[in-house]
Amino acid sequence: MTAHSHIPVLPEEILARLDPKPGETYVDCTAGLGGHACVVGSRLVPGGRVVLNDMDAGNLGEAAERVGAEVPGVDVTTVHGNYVGLPRQLMRDGLRADMVLADLGFASNQMSDPARGFAFSYDGPLDMRLDPSAAVTARELVETLPEDELVRILREYGEEKAARPIARKIVAARNEGPISTTGQFAALVRSVVRYSGGINPATRAFQAFRIAVNDELGSLEGLLAAVERAARSTGEGWLTAGARVAIVSFHSLEDRLVKRSFARLEQRGLARMVGAQPTVASEAEVLSNPRSRSAKLRTVCLCGPT
Ligand SMILES: C[S@@+](CC[C@H](N)C(=O)[O-])C[C@H]1O[C@@H](n2cnc3c(N)ncnc32)[C@H](O)[C@@H]1O
């Protein structure tokens, strides 16, 4: 897998929204394979700094190597872990961000690696951890959670109408033996849900368990809360006055959280939303990078005291 196997979404739009300048500090909460970090980083020289964070140590290493090679002259700092912990780490290190990007979800190299267990189109272990060193896999959730909790995950995170029948099927199947592979799990969902509108019936269930395994919504809420705290703070925060914060989300559950948080900041006079509507990919970008089809970019600029 090369450093270029993930195509960054909305690169021009992100550049325009973040408006990087030489000497500034860019914090990439979800470094992935470093695509966005290279795009933004190239505008920070001379004297700028790129802070790369990812909960996948492999991706973080690739991103650091790529930024080091493609953007000579920029300072690179790496932080491994969930971006929820990043604001505190930055404050401990005495760093303040002029720009923050969170490009949520998974990178293409994670999805296309059967061993990571994210995809129903390949058979592999039912894993789905973005951080391979994390404790809990999708298999453990599927095999151990009570039926009602399985229903909640499928409904809340997958918006799956057939949550109860799928959960019942899971419980019946696990009484017969382990549910240890993506192939088994996808077949189990397909035995309950039919194809509709060309969408694979397992799509929503896979999304639901990926979100649960990685606490994706809880992490996003934590990051948004840290942005709100920094916007209210008086010079002690991890964001500079005038910092720009951009978030790219890929489904409505995430976008709703971002939209509400940014609207709250604006209502309180602490930030200005850059554009009332989210920015989406052009037709040309969707053609060349189908993953961009569902991307929504929202940006705020902190204009209150920080
Ligand atoms: C969409 S990719 C980012 C791609 C990147 N912008 C690029 O241009 O290469 C998302 C990355 O974020 C990481 N990630 C997702 N949620 C995270 C979290 N809560 N904390 C830290 N990293 C996270 C994933 O491991 C993945 O590498």
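Me: Two strands pair if DSSP finds at least two bridges between them. Why are β4 and β5 called paired strands?

Reply: The model is predicted. In it, strand β4 (residues 97-103) and β5 share six bridges. The rule asks for at least two, so they pair. The sense is parallel. Val100 stands opposite Val245 in β5. Ala97 stands opposite Leu239 in β5.

Me: What makes β5 and β7 a pair, and in which sense?

Reply: Six bridges link β5 to strand β7 (residues 296-302). At least two are needed, so these strands pair as well. Here the sense is antiparallel. In β7, Leu297 is the bridge partner of Val248.

Me: And what makes β1 a partner of β4?

Reply: Strand β1 (residues 25-28) has three bridges to β4. The minimum is two, so the pair stands. The sense is parallel. Met99 in β4 is the bridge partner of Tyr26.

Me: How many residues make β4 count as mostly covered? And how many for β5?

Reply: In β4, seven of its seven residues are buried. In strand β5 (residues 239-249), eight of its eleven residues are buried. Buried means 20 or more other C-beta atoms within 10 Å of the residue's own.

Me: Why is Thr203 called partly exposed?

Reply: Thr203 has 15 C-beta neighbours inside 10 Å. Buried needs 20 or more, and exposed needs 12 or fewer. The count of 15 falls in between, so Thr203 is partly exposed. Thr203 is in helix α10 (residues 203-213). The C-alpha atoms of Thr203 and Met99 are 33 Å apart, with their positions 104 residues apart along the chain.

Me: What makes Leu10 stand out in its backbone angles? Is Leu10 buried or exposed?

Reply: Phi of Leu10 is near 45°. That value is positive, and Leu10 is not a glycine. Leu10 has 23 C-beta neighbours inside 10 Å. The cut-off is 20 or more, so Leu10 is buried. Leu10 lies in the segment before α1 (11-18).

Me: What is the phi of Met128, and why is Met128 called buried?

Reply: Phi of Met128 is about 70°, positive although the residue is not a glycine. Met128 has 27 other C-beta atoms within 10 Å. Buried takes 20 or more, so Met128 qualifies. Its place is the loop between α5 (108-111) and α6 (138-144).

Me: What makes the peptide bond from Val45 to Pro46 cis?

Reply: Omega is near 0° for that bond. Pro46 lies in the loop between α2 and β2.

Me: How do you know what span to expect of helix α12?

Reply: Helix α12 (residues 252-267) has 16 residues. The expected span is 1.5 Å times one less than the number of residues. That gives 22 Å, and the end C-alpha atoms are 22 Å apart, so the two agree.

Me: Which residues of α12 are buried, and where do they sit around the axis?

Reply: Glu254, Asp255, Val258, Ser261, Phe262 and Leu265 are the buried residues of α12. Down the axis, they fall within an arc of 135°, so they line one face of the helix. The face turned away from that side carries the exposed residues Ser252, Arg256, Arg260 and Gln267.

Me: What span does α11 reach, and what was expected?

Reply: Helix α11 (residues 216-232) has 17 residues and reaches 25 Å from its first C-alpha to its last. The expected value is 24 Å, and the two are close. Its buried residues are Glu216, Ser219, Leu220, Leu223, Leu224, Ala226, Val227, Ala230 and Ala231. Their arc is only 155° around the axis, so they are on the same side of α11.

Me: Which residues are closest to the ligand, and how many surround it?

Reply: The shell has 21 residues. Pro8, Thr30, Gly32, Gly35 and Asp103 are the closest. By class there are seven nonpolar, eleven polar and three charged residues. α2 (35-41) and β2 (49-54) each supply at least two residues of the shell.

Me: What bounds does the domain assignment give, and what separates the centres?

Reply: The assignment gives domain 1 (11-109 + 216-302) and domain 2 (135-213). Their C-alpha centres lie 31 Å apart.

Notes. Residues numbered from 1 in each chain as written. Predicted model: local features only at pLDDT ≥ 70, side-chain atom pairs only at ≥ 80, totals over all residues. Near = placed C-beta within 6 Å. Helix = DSSP H or I, 4+ residues; strand = E, 2+ residues; numbered from the N terminus. Nonpolar A, V, L, I, M, F, W, Y, C, P; charged D, E, K, R; others polar. Arc of directions from axis to C-beta. Domains from an automatic or database assignment.
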